[in-house]
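Here are a few notes to go with your first look at this one. Open the viewer alongside and follow the points in order.

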Amino acid sequence: MLAPGPGARRGRRGPVPRPVALAALPAALLALLCAAPAPGATAPGAGPPVQADVRADAREGAHAAGHGKPGRPVRGGVQPAAPRPRTFDVAPARAALQRLLPRHAGQFTLVPDTAAAADAFTVSGTAGAVTVRGSTGATLLTGVGWYLQHVAGADIGWPGDSIGMLPAELPGVPEPVTRSALVPHRYALNDTDDGYSGPYRSFEEHQRQIDVLALHGINEVFVQVGAEYPYYRALQGFGYSAEELRRWIPGPGHQSWWLLQNLSGFGGPVPERLMRERAELGRRVADQLRGLGMTPVLPGYFGTVPPEFAARNPDAATVPQGDWAGFDRPDWLDPASPAFGKLAAAYYAEQRAVFGDSTMYRMSPLHEGGQTGSVDVKSAAGAIQAALHAAHPGALWAVLGWQDDPTAELLAGVDTSKLLILDGLSDRYNRLDRETRWGGAPYAMGTIYNFGGHTTIGANTSVWIERFGPWRAKSNSALTGIAYLPEATGTNPAAFDLFTDLAWEPDPIDQRRWFADFAARRYGRPDAEAAAAWEELRKGPYSTSSGLWSESQDSLFTARPSLTAAGSAYWSPKSQRYPAGSVRRALDHLLKVDPRLRASSAYRFDLVDTARQALANHSRVLLPKIKAAYDAGNLTLFRELTDEWRDGERKLDAVTGSDPNFLLGRWLDRARASGADRAEQDRYEYDARSVLSVWGPRGTSEGGFLHDYANREWSGLISELYARRWEAYFDALEEALAGRTAPREIDWHAFEEEWARRTTRHPVRPTGDPYTLAAEIASALPAAAN
């Protein structure tokens with residue numbers, strides 16, 4: 001199904017009216033527009049703007065619930081202003097509850113609490129009649145999530161749930177419980193999430209994600225889908241044709257990095273039809289967040305422009321940005337040049353026309369090696385914030401804390417009370433002092449425990465627990481939030497649950513007890529074997545330490561073939577970060593869980609994921625044995641061991657094929673569904689396949705070391721790419737052993753590019769029994785050493 005375009009929804013609205021191109025306005029009027037709020041903008045707390053081209057059900061905009069608004073200064077940052085006594089429409093929260101708990105939604109009464117502090121809920125009630133009072137629609141859902149976790153003993157995770165184990169009549173609450181968020185900012189989604197988790201997702205998939213985020217206490221969500229449309233519309237007023245811009249904008253699978261100013265064009269061109277459909281989808285996503293009182297965090301404008309911008313706009317100065325992993329980066333428009341204010345105003349006007357307003361915008365100038373040229377970074381940062389505030393007075397600028405960013409020069413040029421640093425390195429390195437590093441600027445403690453969508457299990461959860469409370473309690477603390485920032489979401493549900501709990505648990509979290517409680521609710525009942533399984537996982541992949549990494553190692557089954565392969569992605573850990581026996585023992589325990597608890601999607605996902613991880617860990621034992629046999633010239637042993645490797649890949653493909661979260665077919669079918677004809681369908685499938693494999697052209701894949709960056713153990717991907725790749729390699733080695741010659745060279749990029757250009761179809765529904773397939777893996781693997 002193609003998503004409806006902006007002009008197709010409900011069959012009533014015509015095309016989105018385009019604001020007058022600012023470049024065509026008189027200079028005096030331009031100056032006025034650049035200095036004053038953009039059309040329709042309002043000061044924080046004021047009424048919503050009236051936009052003829054914006055749906056009425058979204059006009060509450062970002063002022064709903066006050067999340068992300070500037071307010072009174074507090075220690076280390078900005079706290080949202082105290083809420084005015086008010087009510088709000090609980091219908092969006094009620095609709096979300098119906099989607100989340102279709103059999104039990106009627107047993108909840110959701111009540112707007114006009115007297116509650118910001119971000120607070122109270123849960124009370126008797127059996128079958130639970131009342132949740134809360135300060136926003138999202139906070140009401142957070143209260144429901146707390147009830148499920150602490151009273152009903154059920155889990156709605158990301159992914160997997162155990163709601164099928166809930167009794168017909170929900171249990172009562174022994175006594176009323178009130179919880180308030182410990183920090184005002186609970187941010188979710190990395191800039192890369194759209195590219196690595198699903199650039200072609202449907203509205204229903206986005207909606208489910210929002211429901212689950214609200215259930216777990218998140219209140220600020222990055223919205224990327226459709227972000228290309230404001231660029232496309234605005235830049236046509238600055239000397240570019242629609243066709244030129246369609247070639248400049250990359251395919252949806254690579255747009256995350258275009259917005260980060262890393263690349264352009266790859267996977268395109270993108271037709272206007274698809275851009276309009278994606279913009280409408282993005283608007284619906286933003287509206288969904290607004291309806292729940294959550295903040296849609298929209299991309300801001302910081303200066304990315306197409307080639308020749310200065311040649312076409314005499315009042316512009318641009319800085320070439322050089323290379324990013326083999327891609328030519330787009331130019332940076334000097335924010336101090338007159339053209340910047342005009343283009344920023346045009347961009348924000350176009351963005352408002354489709355997405356409406358918000359109070360929080362994401363920008364990371366000079367991301368991963370950008371060039372400053374002769375630009376004064378302090379002045380540039382001030383100009384970027386001024387342009388943002390001209391369009392959205394007082395809006396918060398969210399900037400990623402990554403590598404050396406944000407720099408002291410950038411921070412010196414802005415009002416840091418209107419800035420939030422999303423720290424992507426909070427759990428990666430030691431001896432961190434964020435207050436000193438960023439001069440007291442407000443920041444959110446973040447985690448990036450997944451890179452590229454790897455299916456590996458694990459996270460530095462003990463580091464989160466050890467740091468969150470003390471960092472927040474420091475006398476000069478600037479910690480005002482949490483930031484959930486894995487490069488791809490939908491893996492490691494335990495990590496998602498625990499990290500979001502940090503912001504709501506008034507007492508320090510006991511890691512051992514938390515995992516024991518998680519095991520009970522994850523499958524809907526306490527079970528000794530489930531508890532033992534999760535204790536093993538806690539001690540192993542979920543207790544990795546900081547110092548160098550925030551992610552666990554990936555699999556060698558997914559690696560480009562080599563007898564000395566130490567990892568799949570060039571940028572991933574090269575050795576096992578925890579004792580492999582912990583996962584192996586966890587698999588044995590999960591297979592002994594009470595049969596009555598095995599029907600839930602949570603159990604099935606965890607069983608498949610643990611079996612997959614146990615087998616992936618074994619690849620690190622098996623490959624050195626294969627190398628030793630080859631080096632010894634033992635052809636018989638080499639064949640036996642490579643046959644064992646091939647059997648492992650077959651088992652891996654089969655077990656992942658039994659769960660919907662591990663299917664290549666779903667990823668590819670979503671991409672093809674966005675195409676209007678065969679040529680578009682093939683182009684979008686290449687966009688989706690390439691990001692998983694070659695990532696980009698040869699220079700990027702090889703010179704930039706991005707091939708297999710987004711490796712993942714998915715059914716279809718294993719059999720059609722990874723297993724074939726190892727098969728070709730082992731055949732070459734066997735020929736060399738038999739003929740006593742050097743192995744023939746294989747052009748792996750050409751091999752992978754051929755796969756990326758395929759249009760073969762793969763199952764979109766799981767097949768096989770997860771339990772049987774996981775048990776086969778357990779029986780084939782050696783027992784874990786004590």
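Which helix is the place of Lys-627?

1. Lys-627 sits in helix 20. One caveat before going further: what you're looking at is a predicted model. Lys-627 counts as partly exposed, because its relative accessibility is 29%, and the range for that label starts at 20% and runs up to 50%. Leaving out residues up to four places away in sequence, Lys-627 touches Leu-563 and Thr-564. Look at Ser-562 as well: it is 65 residues from Lys-627 along the chain, yet the C-alpha atoms of the two are separated by 9.1 Å.

2. Stay with that helix for a moment. The largest nonpolar core has 232 residues, and helix 20, which covers residues 601-631, supplies the largest share of this core with 13 residues. If you want places to start clicking, the residues with the most contacts inside the core are Leu-101, Phe-108, Met-294, Tyr-301, Phe-309 and Trp-695.

3. Tyr-301 is a good one to pick from that list. Setting aside neighbours within four places in sequence, Tyr-301 is in contact with several other tyrosines, namely Tyr-231, Tyr-347 and Tyr-348. Its other partners are Leu-333, Phe-340, Leu-343, Ala-344, Met-363 and Ile-384.

4. Next, Gln-553, in the loop between helix 18 (528-539) and helix 19 (581-591). Is Gln-553 buried or exposed? It's buried, since its relative accessible area is 0% and the cut-off is under 20%. The side chain has polar company: one of its polar atoms lies 3.0 Å from the backbone nitrogen of Arg-577, and a polar contact of 3.4 Å links it to the side chain of Asn-617. Beyond four places in sequence, the residues in contact with Gln-553 also include Thr-456, Pro-573, Tyr-578, Gln-613 and Arg-620.

5. Asp-194 is another polar residue to check, this time in helix 4 (residues 193-197). It counts as buried because its relative accessible area is just 5%. Not counting residues up to four places away in sequence, Asp-194 touches Pro-199, Arg-201, His-206, Gln-224, Val-225, Ser-256 and Arg-278.

6. Finally, the surface. Tyr-570, Trp-571 and Phe-705 make up a nonpolar patch there, with about 330 Å² of accessible area together. Phe-705 belongs to the loop between helix 24 (698-703) and helix 25 (717-739), and it counts as partly exposed because its relative accessibility is 35%.

How values were computed. Residues are numbered from 1 along each chain as its sequence is written. This is a predicted model: local features need pLDDT of at least 70, side-chain atom pairs count only at pLDDT 80 or more; totals for chains, interfaces and linings use all residues. Side-chain values use heavy atoms; hydrogens and water are left out. A nonpolar core is a set of buried Ala, Val, Leu, Ile, Met, Phe, Trp, Tyr and Cys residues joined through side-chain atoms within 4.5 Å. Buried means under 20% relative accessible area, exposed over 50%, partly exposed in between (1.4 Å probe, protein chains only). Helices (H or I, at least four residues) and strands (E, at least two) are DSSP runs, numbered from the N terminus. Contact means heavy atoms within 4.5 Å. Patches are made of residues with over 30% relative accessible area and no salt bridge: like charges are joined within 9 Å, nonpolar side chains (Val, Leu, Ile, Met, Phe, Trp, Tyr) within 5 Å. Accessible areas come from the Shrake-Rupley method with a 1.4 Å probe; for residues, only the protein chains shown count as cover. A salt bridge is a side-chain nitrogen of Lys or Arg within 4 Å of a carboxyl oxygen of Asp or Glu. A polar contact is a pair of N or O atoms within 3.5 Å; within protein, one must be able to donate a hydrogen and the other to accept it, and residues adjacent in sequence count only if both atoms are side-chain atoms.
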